[in-house]
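The following exercises concern pockets and a bound ligand. Work through each task with the structure in view before reading its solution.

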Amino acid sequence: MIAQTSLAGKTALVTGAAQGIGRGIAIELVAAGCRRLTIVDLVAGEELRQTVAELESRGAEVLFVGGDVSQTATVTQAVDQTVQRWGQIDIIVNNAGISKPTSFFETSDEQWDQVLRVNLRSVFLFMKYGGMAMRDQGGGAIVNMSSISGITGGSTGPDYGASKAGVIALTKFGARRLSEFGIRVNAVAPATINTEMIARNYASLSPEEKAKRLSNIPMGRMGETSEVGRLVAFLASDAASYVTGETVGVTGGRMSS
Ligand SMILES: NC(=O)c1ccc[n+]([C@@H]2O[C@H](COP(=O)([O-])OP(=O)(O)OC[C@H]3O[C@@H](n4cnc5c(N)ncnc54)[C@H](O)[C@@H]3O)[C@@H](O)[C@H]2O)c1
């Protein structure tokens, strides 16, 4: 029998889900049947309120943990609170990330450290501490947010593509070492998805440059957050029971930066 993308009975934790792709992922997890969801995010403003309202209107219970995902204390608190509240943590989606477009020589040493901490260290921390909880309960699924920039090097800055390439390597290492505990680890690599991050990055571009970037996408449009969310829901579900260590693109056919 073929397993469907069903997340009924599962508990999920999604980082950076107040807005953007993380919000789209949370909505699609709930659409697939997940009813217990932890959101971990830096911001707790209007965007978060709207996301929580949307998820609750679809029948989910939401736990919010505020904090910086690159800090160990935030990660252990988020994992502990999730397990305390619901007794399990079946799915972790490491989505939170930042990008700051800069030229090579303008990229400050501090920016390099910050981007690597938020985009890569946080993924290690959730795989480590969330993975321990999954190991103790007998398994789970982790989906990490990479990017096409992690494959091509990207054009945002030297830090961003390097952090996302690190996510791909960490995903492969995690799959190799965590399979024996019933934990699958996969990554998704979006290209251009219609979010605040892209709006900010595109704000500094000329109309010609924006048009050129869109013309690089064979499908001729940006992706929607729901299109990333449905892929994540599949990878997190038992329908993907033999898929681990993979990085799956969601790009509209775009293959270069
Ligand atoms: N938008 C795209 O085209 C695109 C393409 C490829 C990969 N990505 C990746 O997808 C992920 C989400 O991107 P997005 O476009 O939705 O971005 P976004 O800026 O719209 O949303 C990011 C979310 O993460 C949260 N966040 C940022 N830093 C945090 C931290 N230190 N601790 C906790 N939360 C934090 C923000 O508050 C926000 O809610 C990122 O990892 C990004 O690199 C995005």
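**Exercise 1.** Determine in which pocket the ligand sits, and describe the lining of that pocket.

*Solution.* Step 1: the ligand sits in the largest pocket, where sitting requires that more than half of the molecule's atoms lie within 2 Å of the pocket's grid points. A pocket is an open set of points on a 1 Å grid over the protein atoms alone, where a 1.4 Å probe fits, with protein on both sides within 12 Å along at least five of seven lines; lining residues have an atom within 4 Å of a point. The model is predicted: local features need pLDDT of at least 70 and side-chain atom pairs pLDDT 80 or more, whereas totals for chains, interfaces and linings use all residues. Residues are numbered from 1 along each chain as its sequence is written, and side-chain values use heavy atoms, without hydrogens and water.

Step 2: the volume of the largest pocket is about 1100 Å³, taken as the space filled by probe spheres set on the points, which are joined across faces, edges and corners. Its lining comprises 48 residues, of which Gly-97, Ile-98, Ser-99, Met-197 and Arg-200 are the closest to the centre.

Step 3: two or more lining residues come from each of α1 (20–31), β2 (36–41), α4 (109–137), α6 (158–178) and α7 (196–203). These elements are DSSP runs numbered from the N terminus (helices H or I, at least four residues; strands E, at least two). The largest share, 6 residues, belongs to α7.

**Exercise 2.** Identify the residues that come nearest to the ligand, and list polar contacts made with the ligand.

*Solution.* Step 1: 30 residues surround the ligand, and Asp-41, Asn-95, Tyr-160, Ile-193 and Thr-195 come nearest; a residue is included if one of its heavy atoms lies within 4 Å.

Step 2: polar contacts are pairs of N or O atoms within 3.5 Å. A polar side-chain atom of Asp-41 is 2.6 Å from a ligand oxygen atom. Backbone polar atoms also take part: that of Asn-95 lies 2.8 Å from an oxygen atom of the ligand, and that of Leu-42 lies 3.3 Å from a nitrogen atom of the ligand.

Step 3: the protein buries 95% of the 830 Å² that the ligand exposes when taken alone, by the Shrake-Rupley method with a 1.4 Å probe.

**Exercise 3.** State which element gives the most to the shell around the ligand.

*Solution.* Step 1: α1, α6 and α7 each give two or more residues to this shell. Step 2: α7 gives the most, with 4 residues.

Notes:
A polar contact is a pair of N or O atoms within 3.5 Å; within protein, one must be able to donate a hydrogen and the other to accept it, and residues adjacent in sequence count only if both atoms are side-chain atoms.
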